[in-house]
Amino acid sequence: MSISRRRFLKSMTAFGVAMTVPKAGGAYGSFASHPDSCGVLHDITLCIGCRLCEKACNEVNDLPAPERPFDDESVLEKRRRSDDKSFTVVNRYQVDSRPGSPIFRKLQCNHCREPACASSCFVAAYAKTPEGAVVYDPSVCVGCRYCMIACPFDVPAYEYDEALEPKIMKCTLCHPRLLEGKLPGCVEACPQESLLFGRREDLIAVARERIHRHPDRYVDHIYGEHEVGGTNWLYISGVPFEEVGFRTDLGTTPAPKLTSGALSVVPVIAGVWPALLGGIYLMTRTKEKTSAREKATAVREAIDATQAAADEARKKAAEKAKADQEKAVQAAVKKALDQAAKESAKEGS
Amino acid sequence: MSEGFHSLQEFLHHTKGVLYLLSVAYLIGFVFFWRYLHDREREDD
Amino acid sequence: MSEPASAFERPLLSPFNVVAGIIVLVGLWITYLRFTGGLGAVTNLDQNNAWGFWIGFDLLCGVALAAGGYTTAAAVEIFGMKKFHAALRPALLTGFLGYSLVVIALTYDVGRPWRLPYPFVLSPGPTSVLFEVGACVLLYLIVLFLEFSPMALEWLGERRLRRILVRLTLLLTIFGITLSTLHQSSLGALFLIAPSKLHPLWYSSYLPVFFFVSSVAAGLSMVIFEGTLARRSFSDKMDDEHKGTADAVVLGFGKAAAFVLAAYFAIKVFGVALDDNWGLLGTGYGLWFLVEMIGFVLLPCFLYLVGTRDRNVKLIRWTAFLTVLGIVLNRLNICLICFNWQLPAQDRYVPHWMEIGLSVFVVTLGVVAYRFIVTRMPVFYEHPDFSEGH
């Protein structure tokens, strides 16, 4: 009992505070990417829409020749997206704040830090590599196309015209070339250095530096720094991003977090439901058994009671009959005696 | 607390895998749990 | 009730058989095109719309409408409501056929159907909600098959095997309800990963709960609806217990459905409040949301209430049909109509007639199988040799 009240209260408070701090694992702490995770910084203000990146990608990845050649400018009249024959496209935008001068930008897989495709794939066909590229393995793909539903950037494309061996087609960040120490095909081909390859952290530093140095030239935002948990393909732009085909309503929650809550409930249901249902079954069966037993008892008692009442009534009736009979006999005897007395009285007189 | 996991995706891939195996083991165990309970009742009946 | 008599009663070229035959021929032709020309040859799926009518209707609606199996089994086996017993076998049969059709439809939709076992034997992706859906549907299909097999075994006269399976009934029921809860809710959870693509009035962190609760209403209503159809075609196969308790089933399930729909409506309203989406109700999609909620959830709830209170069996039967339509509408809304709602009109998806044709083909296969089974096996009646236990 030598502990002072003040020390006791202090230790209790410390204990209480410690209890409220969430444990790292339970709150899905934070995860650090591979230190050498690389990506690309696309400086949209430098893109001239030459489409040499598309051409390089086509060659490096052995993709089929397009309907119209890469130097055909009429292609840019339509807004395009990646498809089963092109991993990347360059689009042209007419922006109100810059009338007359169109703006070009390249789009392809953004190689997210927490890829929705990897999270959604039920055969684990996607993987985020240490190099930073999100790669796809066609040898296990079943073709369910859930990754296409999941990707917030609508990147994965499907070979709908393949009957028996359809694959998903998407930018690979030229992962095989990265392993050989080479640059991605598009980065190497860009004549304006609009594409810069490097470690993600370094690219963010470069982007911040450029924005800081030329605040009138750039919008103060690095697209991909935090969107859907961060992507390895980053963009800086001279006009608001939504005007050049970027979705700005994607939020910062990474895809795996969107479904991990629902998935966490699965083992709880698997664990609790059998016990709950088994318990309900046993309780209703016990209830039925008890009520059946009570009913049987009540019926038996009712039968016994009726029987007893019937016996009682019969006994009473028998006794009454006996009493009546005796009375009748007595009455008859009395009558006979009276008769006899009357007759003897008549004879006597 | 990252234990070599470089992303939430990697972490979840590991933990959910373990949880599925545990859940299946539990459900199989439940069958034996139930049968053990029921066998006794059949004796009572 | 003997086989030769029914064979004579149903001629080979009956209207049903002719129509079914045409549908099957068209279906086989679509099958040929699908596996020689790819999905692009028979569907309107594209790079922006990866899931279409086969997922929206055959998978999502199919699973929801086959929910009568677990709801009826719960009522009869777990909660001990023996008066609904006659509805159990038909409900289990519908469930078994329904889930089988879902798997058949998936073999068309998925790119490489022979790889469907891959997630479970080769390369699991446990972070995927689809993994859980697949695992639970696979296991549940096995459970349904085992619950259905006594009917077939009685027909075949296999006493011993049947007895073993009947002893498993309770465990199968418990697993069936557990697995159903899991995959019905997970079908909703599939869409949690795409908040930027599903309209906010339908997207909610409560999606799994919405799907599960509505599946209960769907199951109860389908049992009533399927019973209504069966009465018209197969009443000669129904025994006295079945005919005598039919109305009790309709009234009992109708009352239960009223409760479930009331709860479902309430939590949908709570869902709007949770995300403060009241303002969206005034938009075009908002109006459509109100049509779904008021016309296909609140209205059938009210009609079920009236029907139950007034013991109006006919009203309840019509309400069941309305509820079923409402569930179909909800699933199609989430998967097709309100999905990718932000895409420009020319990029939106409309099913190819062959997609609908194939779905009709798959449903027809189910109806044909159903007819074959109920006209030969003890579904609507008790087999005289096995009338003690069920």
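This is a short tutorial dialogue on reading helix packing, cysteines and backbone angles in a predicted model.

Student: Let me start with the helices. At what angle do α10 and α11 of chain C pack?

Tutor: Remember that this is a predicted model. Helix α10(C), residues 207–234, and helix α11(C), residues 240–274, meet at an angle of about 160°, and their axes lie 9 Å apart. Angles over 145 degrees count as roughly antiparallel, so that is how α10(C) runs relative to α11(C). The crossing of α10(C) past α11(C) is left-handed.

Student: Which residues make that contact?

Tutor: On the α10(C) side they include C:Val209, C:Phe210, C:Val213 and C:Leu220. On the α11(C) side, C:Val249, C:Phe253, C:Leu261 and C:Lys268 are among them. The contact residues of this helix pair comprise 17 nonpolar, three polar and one charged.

Student: Could we take another pair? How do α7 and α9 of chain C pack?

Tutor: Helix α7(C) covers residues 129–156 and helix α9(C) covers residues 169–189; their axes are 9 Å apart, at an angle of about 150°. Because of that angle, α7(C) is roughly antiparallel to α9(C). Here too the handedness can be stated: α7(C) passes α9(C) in a left-handed crossing. From α7(C), the contact includes C:Glu132, C:Cys136, C:Tyr140 and C:Glu147. From α9(C), it includes C:Phe175, C:Leu179, C:His183 and C:Leu187. By residue class, the contact of α7(C) with α9(C) has 14 nonpolar, five polar and two charged.

Student: Now the cysteines. How many disulfides are there over all chains?

Tutor: The general idea is that a disulfide covalently joins the sulfur atoms of two cysteines. To count as one here, the two sulfurs must be within 2.5 Å. By this rule the count over all chains is zero.

Student: Why does A:Cys141 not form a bond with A:Cys121?

Tutor: Look at the distance: A:Cys121 holds the closest cysteine sulfur to that of A:Cys141, yet the gap is 6.6 Å, so it is too far for a bond. A:Cys141 is also buried, with a relative accessible area of 8%. The story repeats for A:Cys144, whose closest cysteine sulfur is in A:Cys121 at 6.3 Å, too far for a bond. A:Cys144 is likewise buried, at 12% relative accessibility.

Student: On to backbone angles. What is the phi of A:Leu173?

Tutor: As background, most residues other than glycine have a negative phi. A:Leu173 has a positive one, about 55°, although it is not a glycine. You will find A:Leu173 in the loop between β7 (168–169) and α5 (175–179) of chain A. With a relative accessibility of 3%, A:Leu173 counts as buried.

Student: And C:Arg311: is it buried or exposed?

Tutor: C:Arg311 counts as exposed, at 62% relative accessibility. Phi of C:Arg311 is also positive, near 50°, in a residue other than glycine. The loop that holds C:Arg311 links α12 (284–309) and α13 (313–337) of chain C.

Student: One last residue. Where is A:Ala124 found, and what does it touch?

Tutor: A:Ala124 is in the loop between α3 (116–120) and β4 (126–128) of chain A. Leaving aside residues up to four places away in sequence, A:Ala124 touches B:His13, C:Ser123, C:Pro124 and C:Gly125. A:Ala124 counts as partly exposed, at 27% relative accessibility. You can also set A:Ala124 against A:Ala336, 212 residues apart along the chain: their C-alpha atoms are separated by 119 Å.

Technical notes:
Residues numbered from 1 in each chain as written. Chains lettered and ligands numbered in written order. Predicted model: local features only at pLDDT ≥ 70, side-chain atom pairs only at ≥ 80, totals over all residues. Heavy atoms only, no water. Axes fitted to C-alpha atoms, helices over the stretch in contact; angles between N-to-C directions. Helix = DSSP H or I, 4+ residues; strand = E, 2+ residues; numbered from the N terminus. Parallel < 35°, antiparallel > 145°, perpendicular 65-115°, else oblique. Left-handed = near helix turned anticlockwise from the far one by under 90°. Contact = heavy atoms within 4.5 Å. Nonpolar A, V, L, I, M, F, W, Y, C, P; charged D, E, K, R; others polar. Buried < 20%, exposed > 50% of the residue type's maximum accessible area, 1.4 Å probe, protein only.
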